[in-house]
Structures are given as C-alpha cells and as structure tokens.
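Visitor: I'd like to learn how to read a model like this one, feature by feature. Could you walk me through it?

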Amino acid sequence: MKHIITLLLIVSVTLVHAQVVTPGMGQSFTFQDFTTLSPATVTSPSAGHYTLLQDITISAGDTLLLDANTREILCYNPITLTVHGCVLCAPRTDTLLITCNTSNCGSEFYEIRLDSAANSHFSDILFEYGNDIQVMQSEVTFERCVFRYFKEQCIKYSNASPVIEYCNFYENRKAVISSAANVTGAPKIRHNTFYHNVLNNINQPQINLGPGALGDTIVIEDNHIEGSAAMSGGIAIANLLGVGHTQAAIRGNTVIHNRYGYTQQGPGIEALIEDNTFKDNNLETNPMNGGSGISIYGTDTTCKAKLRRNLITGNLWGVTAINKHSIDMGTAADPGNNCLFDNANGGVEYNLYNNATSNIEAVGNFWGSNDSTYAESVITHYTDNPQYGLVNYLPVLEIEPDILAFSIWYDEFYTGELTTEAEFWFSPNGGDTLCYAFGCVFPDWSDIVPTITLPMWVTCTPDPSEGQNFMNGPVTYTLTTVDGRSKDWVIHVMFFPAVEDYEFLPVSVSPNPATSGRIVLHNDSEEAVQVEVFTLTGQQVYAGRCEEAQMVVNTSSWHSGIYLLKASQNGRSRTFKVVVKD
C-alpha cells in the first residue's frame, strides 16, 4: 500500500517554471515526500535535514506537515514557499531550524507567503536569515518560534489577523511585525520578546501596525520590547488613511530603551492602554522628533486613548498629546492610577504635554510627588499656554510606603491590625482576643506566607510571597515607593507560653485604654479568676487573683504602651490587649 500511495503522490505533483506545485486534492506532504517526488527541488543530505533548491507551492486543500522528524530546512538561492492550503507542525520536543545557505546568507534570503491559507500553525521553529513571512487573508498562528537576522519584516500581514504568542524576535533589520497603511487586520501579539530589532536604524518601530479589522481588536499584551537602534521605536498603530475603525488593547507590556514607547496616529482609533511600563525610551537625540513614553497624535477627537495603571518614567517626554484627540487618563469615578515621573529633556521634566486644543481628564495619577503644586509644574497645558487644552489632574494619586492590610493563613484565617508603631497583632476570626501559643492550636509557624496588601506603586522586601519564621521574632518588611522613598515595617506575631482555650469566659476589662493609672477586671462568673499581665516581650509585670466581681490593677508605675492581660479559670482563658497611657 505504501508504494501505491507514493506513486499517486508522484503523479499529483507538477513542475511549473522550476517549482513544485501540489495538486490541491486534499493531500498531506512532508519534505521527505518531496525528496522522492522532486529530487531537483528537495534533497536530504542526512535524516531529518533537507535542502530546498526551488520554490514550492502548497495548493488550496493540501497540507504541508512539518513533522517531528524534520530537524533542519536549508534554503539555497532565494527560495519562496507559497501556501494556499495549510501548514501544520507536529508536536515536538526540539526546535526545527529554517535557515539559508550559511556560506551566503547575506543574499540568499528565503520567503514564506501564506495567501488565502487556512488554519496554519507554526510552532517550535527557529527562523533565521529570512526575507519575510507574508500573511495575506490567511488564518495563522506562530507559537514558541524564534525570528532572527531577517532582511525585511519578519511577519507582514495584509487583511489578516495572525496570532503570535511566546515568540522571540531579535537582531532583525527592520520592523518585525507590520502591515501596510491601506490594509486591515487585528493581530493578537502576546507573551513575546522583541530585542534589538530595526538594526538598519531606520524610522520604524519594532511593532508597526496599520488600521484594525472591523469588529475585531488588535491585542498587544505581556510583551517585552527592548531596543538599541537610535531610530527604532517600540509600538506604533497608525490609521493615516482613515480606514474604518481601529480598536486596540495594549496591556501588560514592558517597552524600554527605544526611540519612543507607544505612538498612535490618525482618526478612528480607540485604544485601551493599561498596566504597561514605558521606561527609558530616550534614544532620540532631538526631543522635538520623539522620545515620548506615549504619544497620541489625532486629526480629530475620534483618536481616543484610555490610560490606566501605566508606569511612564525615564523618557524624554511622558505623555504627549498632539493636534486633536480624546484622551482619558482618569476620572473622578475611575481614577487613572498612572505613575509618571522623571520624564525630562533639556533639564525640564515633562510628564504630560498637552500640545493640543482638546482637554484631558487625568484624575488620580502620580506625577512624581504627592504635592499637587509639583504636579502642575510637570504638566504643560492651558495654564502654560491658552492655545492648549486644559488638563484636569486633581486630585493627584498620593503614594506612601505603607502596609494597608496584613493577614496570615494557616488552618483558619487570622486577621489583624497595624498599630502606629508599625507592629502587627493578629486575632483569631477577627475577634478581640489575641492568640499567643507555643504548639497549642497551631503546630508550626516557622514558614508562614502572609498576605500583605500594598498601595499601588509600592514594592516590598522580602517578597510577600516568601514564607517567614514569625516564631523567631519580628520580621522587618521594607516598603519602597516607585520613586525611591522607603520605610521599614516591623511585624510582631507574639506567642504566649500557655495553651489557650477559646471557650467563653465571662470577664472583661475597662477602661481601655487605661488613662487613670488603673484598669478594672470585671468577673461575671461565680468563681475566682487568675490574672497575669505581660509586656510584649513576655515579661510578667503583674500576677493576682480576682475573688470578687471586680478587681483593680494599678498601672501607674507602668510605661505607656501595649500590655497583655490574661485571665484564667479552670483551664479556660482569655487574653486582652490593654493600652496604657500616661
């Protein structure tokens, strides 16, 4: 049967102008098949290694299978692989290399053209020394691929919406993902690394997109985009010809060390820009020609951008708004929570420059200081030039290195409070009774991961996700704001050297805080209660026995602070936190 199928494949393939064209009869081909079908087109110097000598066209209905046995595809001469059908990659544990004749890679660039191809999938491939990969009216996914040393664009799409995920693009000569100004598409670009591209040092960004597809959204999400060439930008979306309506979601990206971070130009664009870092995009030598973390250049107010929770720092300009636009950087109902600081050129800080007639809502952002007067000094708008639109930036987002909440999870959930002395105390189930125990209800507190709630733009050392040994004493957490201010928080979790019984014990303490040199223990039970008072370091300062309905404890000789009063009766106990003030 195998020989009969091979014979049919030979009959099915035709040679036209020194290329192989499959018949379009729903057949699947591997490169090993082509070594038999057309030895003048594909040779195999060793198992899994193939040399392409002529062009190949996969007709509509046919499939090119890059099976797991294919290790390397070497292209001699400028080779074009045209796909009207489908390309599929079999699961593999290694990487397939597609490259050129290594002795002459400077001129023998190959090209892949997906033209009206359906449901193609490229995965685990190292593409190097290519001319470009063109995606035209095709459905295609690139996953876990590497693209390097390309002469033109790595992936150029036209009226298509390719999916590009977990790929690595580095040291390519031009923009690595692009489209023309008169075609549409809504690519999904997620979890990729773009590193040192546009090495020809031409005025192009690493991601250079035209207008979006109707009813679809351009997604650029969770990518790392780092540049090195002085003329290379980060991300650009342009609708220069006013084609249709473009929707874009720019989320979670790190865009650093480019000529600029993100630029949006033209009408009919609506972009959501959130949770990104635009940092040190300052390679432009002339600030009048670029250097913005984010630049919005509209011809009318249909050029829209919504900015939320972005870090924009170290650029020549923070956000620049040019001509006409509709920019939302935060409202009273939905604060922006963007962080903009140290964006400067010529010795002057420009965190927002509204060089347009349109107003900007920018409520609830951090501008490099908690002082609103300082915010005004780094925002250029109507108050600086009446020809500019007004920026409504009040109130500003204030950032302090504070812990907002702290909790510990073990077998049950324990919540606590922070005192003004930056010490933490936790109580079971949110009650008033503090829990202090050595191996009683909690078998081991030596590696506890707390839950720490921090303000936005504040980091914590050690990492809150790391386990800590609270039994050995206080743990110090250093909180640092994004602009470098820090504060230490000392977290005490105290353990009392006795087994606690949390059954109800009808006793109470008043007044609390104790301000008159005395506290009173009220005993509503019919039996005597043993009373002990300890400092937070475990030193006993009082011991007594309450035989009546109440007992007065003299606190006049105690230092101001927090004490622990333990009341015990027949194996039951309650512990109170008592505050003593002078």
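Guide: Sure. Keep in mind that this is a predicted model. Let's begin with an enclosed space: strand S7 (63-66), strand S8 (72-75) and strand S12 (110-115) each give at least two residues to the lining of the largest cavity.

Visitor: How does one find such a space, and which strand gives the most to the lining of the largest cavity?

Guide: Rolling a probe the size of a water molecule over the atoms shows where empty space is left. Here S12 gives the most to the lining of the largest cavity, namely 3 residues. The lining has 14 residues in total, and Leu52, Ile73, Leu81, Ile98 and Ile112 lie nearest the centre. The volume of the largest cavity is about 110 Å³, and the count comes to 1 cavity of 30 Å³ or more.

Visitor: What classes of residue line the largest cavity?

Guide: Its lining has 13 nonpolar residues, 1 charged residue and no polar ones.

Visitor: And the largest pocket: how much space lies in it?

Guide: About 400 Å³. The pocket is lined by 18 residues, and Gly290, Ser292, Ser295, Thr320 and Ile322 are the closest to its centre. Strand S30 (262-265), strand S33 (292-298), strand S36 (317-323) and strand S41 (352-356) are the elements that give two or more residues to this lining. By class, the pocket lining has 10 polar, 7 nonpolar and 1 charged residues.

Visitor: Now the sheets. In what order do the 11 strands of the open sheet come?

Guide: Follow the pairing from strand to strand. The order is S13-S16-S19-S22-S25-S28-S31-S34-S37-S42-S44, with parallel pairing. Strand S13 (120-123) and strand S44 (391-392) each have a single partner strand, so they stand at the edges and one side of each lacks a neighbour in the sheet. At the S13 end, 4 bridges pair S13 with strand S16 (residues 140-143) in the parallel sense. One pair to look up is His121 with its bridge partner in S16, Thr141.

Visitor: Which way does the pairing run in the open sheet of 3 strands, parallel or antiparallel?

Guide: Antiparallel, in the order S49-S50-S51. The edges are strand S49 (458-461) and strand S51 (486-491); each has a single partner strand, so one side of each is left without a neighbour in the sheet. From one strand to the next, the twist averages 25 degrees. S49 and strand S50 (residues 475-481) are joined by 4 bridges, and Cys460 has Leu479 as its bridge partner in S50.

Visitor: Which residues is Asp402 in contact with, leaving aside its neighbours within four places in sequence?

Guide: Leu454, Pro455, Leu479, Lys487 and Trp489. Asp402 and Leu479 are 77 residues apart in sequence, yet their C-alpha atoms are 6.9 Å apart in space. Asp402 sits in the loop between S44 and strand S45 (405-409), and its relative accessibility of 25% makes it partly exposed.

Visitor: What about backbone oddities? Where are the cis peptide bonds before Pro462 and Pro513?

Guide: Read omega for those. The bond from Thr461 to Pro462 is cis, with omega near 0 degrees, and Pro462 is in the loop between S49 and S50. Asn512 and Pro513 are also joined by a cis bond, with omega about 15 degrees; Pro513 is in the loop between strand S52 (507-510) and strand S53 (518-523).

Then check phi. His257, a residue other than glycine, has a positive phi near 60 degrees and lies in the loop between strand S29 (254-256) and S30.

Note on methods: Residues numbered from 1 in each chain as written. Predicted model: local features only at pLDDT ≥ 70, side-chain atom pairs only at ≥ 80, totals over all residues. Heavy atoms only, no water. Pairing = 2+ DSSP bridges. 1 Å grid on protein atoms, 1.4 Å probe; cavity = no way out; pocket = protein on both sides within 12 Å on 5 of 7 lines; lining within 4 Å. Points joined across faces, edges and corners; volume = space filled by probe spheres on them. Nonpolar A, V, L, I, M, F, W, Y, C, P; charged D, E, K, R; others polar. Axes fitted to C-alpha atoms, helices over the stretch in contact; angles between N-to-C directions. Buried < 20%, exposed > 50% of the residue type's maximum accessible area, 1.4 Å probe, protein only. Contact = heavy atoms within 4.5 Å.
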